[in-house]
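Visitor: I'd like to learn how to read a fold with more than one part. Could you walk me through it?

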Amino acid sequence: MTIYSKPSCGIPNDEHPAMLQLAEQVHEWGRELGFQQVGITDVDLGKHREHLQTWLDNRYHGEMQWMETHQDLRNDPAQLVPDTVRIISARMDYLPENPQHIQILKQPDKAYISRYALGRDYHKLIRKRLATLAKKLEQRYTHLAAEHHWPLDTIPQRPFVDSAPVLEKAVAEKAGLGWIGKHTLVLNKEAGSWFFLGEVLTNIPLPINKIVAENKCGDCTACLKVCPTDAFVAPYTLDATRCISYLTIELKASIPEEFREPIGNRVFGCDDCQAICPWNKYAKHTEENDFSPRHQLQNSDLVTLFTWTEEEYLKNTEGSAIRRIGYERWLRNLAVGLGNAPKSQAIVNALIQRENHPSEMVQEHVKWAIERQKSTKKSKRKIKRTI
Ligand code: SF4
């Protein structure tokens with residue numbers, strides 16, 4: 001995609017009536033493209049950069065090396081897309097109708113899959129919509145530049161969804177989409193937190209949002225207390241190496257034993273900190289068919305998913321975010337869930353079928369699960385407040 005005027009003399013300032021109108025249009029186009037909210041901000045993310053640096057220094061990112069390697073790009077979006085002066089942040093709701101999240105968490109023989117991953121992978125859809133938004137902006141700005149004799153050059157402008165080192169939560173907060181809650185996710189007082197974020201980096205000097213949402217977490221600490229693995233070291237600080245989303249999705253190696261029991265039946269991600277958050281009673285259901293659950297993944301038995309062959313796994317997760325962990329980690333996670341499930345001969349039989357799986361990691365988790373299924377000892381795990 002090519003566009004725009006370089007930020008040199010002759011460009012409009014962001015108080016120019018045409019630019020104010022253009023910003024209004026950006027909001028309107030965003031809504032037409034299915035985003036529930038759009039905001040615009042500059043690239044000064046000072047305090048968030050410091051917070052991230054401290055977080056990295058504490059090694060809370062675990063195996064996520066990419067968090068470290070592109071620090072320079074994250075700190076300076078203009079290194080990512082030349083001459084960036086503004087970031088358009090957009091949010092799209094993803095919670096399906098009848099999400100059944102609480103019910104599934106309470107049924108330990110069911111597989112809990114993070115609600116964002118039940119439908120088609122969101123990256124493609126959101127990136128495409130953001131690219132359309134950027135195109136509209138390009139066309140309109142080109143027209144305005146000709147009309148007002150603003151200089152025009154051709155440089156790239158790009159949409160991003162999780163795919164680049166962008167401080168997307170900090171950007172969303174600055175752009176007015178909500179506040180970063182104690183659980184480290186962006187919260188909106190009218191929409192909760194069940195939404196995806198995406199960005200467009202641009203060098204068009206659009207007027208920026210000046211009203212940052214008030215932090216309304218107050219004295220609440222529900223998300224910190226409910227976390228099954230105690231992953232919050234403090235409000236606003238998550239030790240990702242303890243987070244179930246990290247352990248079941250990002251971690252490529254064995255899941256450390258101390259976390260296996262607390263993981264319960266969560267086989268791909270975890271939503272507990274969102275599910276407990278009082279602001280999520282205002283969350284809206286998605287309007288996107290692509291985010292509707294596929295293959296009954298919102299309500300499947302652990303055993304059923306564990307007996308999928310690799311071909312079935314690949315077929316049933318085609319176009320889904322679940323594909324990214326691969327079959328080996330899928331079986332690893334399900335074995336943990338089965339080890340935590342109520343004792344059943346059917347489960348033991350299913351696990352025995354995988355005892356000699358070619359992956360040593362799968363074998364080890366299966367062995368752990370069989371031992372748990374056959375064990376007569378009571379769990380020593382302390383009972384936490386649950387959803
Ligand atoms: S559960 Fe409470 S503390 Fe946590 S994000 Fe929601 S309002 Fe804030």
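Guide: Let's start with what a domain is here: the bounds come from an automatic or database domain assignment. Keep in mind that this is a predicted model.

Visitor: Which domains is the protein chain divided into?

Guide: There are two entries: domain 1 covers 7–97 + 113–202, and domain 2 covers 301–379. Their centres, taken over C-alpha atoms, sit 38 Å apart. Six residues from domain 1 and six residues from domain 2 make the contact.

Visitor: How do I read the size of an interface?

Guide: People often quote the accessible area lost when the parts come together. In this model, domain 1 and domain 2 bury about 440 Å² between them, and 63% of that is on carbon and sulfur atoms. On the domain 1 side, Ile-113, Ala-117 and Asp-121 supply 67% of the area buried against domain 2, more than any other three residues.

Visitor: How many salt bridges and polar contacts are there between the two?

Guide: The salt bridge count between domain 1 and domain 2 is zero. For polar contact, one residue pair turns up across the interface, both at pLDDT 80 or more. The domain 1 side that touches domain 2 has three nonpolar residues, one polar and two charged.

Visitor: And what about the protein chain as a whole?

Guide: Its secondary structure comes to 17 helices and 13 strands. The radius of gyration is 23 Å, close to the 21 Å that the globule rule gives for 387 residues, so the chain is as compact as a globular protein of that length. Along its principal axes, the C-alpha trace spans about 80 × 45 × 40 Å.

Note on methods: Residues numbered from 1 in each chain as written. Predicted model: local features only at pLDDT ≥ 70, side-chain atom pairs only at ≥ 80, totals over all residues. Heavy atoms only, no water. Contact = heavy atoms within 4.5 Å. Buried area = accessible area lost by both parts, 1.4 Å probe. Salt bridge = Lys/Arg side-chain N within 4 Å of Asp/Glu carboxyl O. Polar contact = N/O pair within 3.5 Å; in protein donor to acceptor, adjacent residues only side chain to side chain. Nonpolar A, V, L, I, M, F, W, Y, C, P; charged D, E, K, R; others polar. Helix = DSSP H or I, 4+ residues; strand = E, 2+ residues; numbered from the N terminus. Rg over C-alpha atoms; globule rule 2.2 N^0.38 Å.
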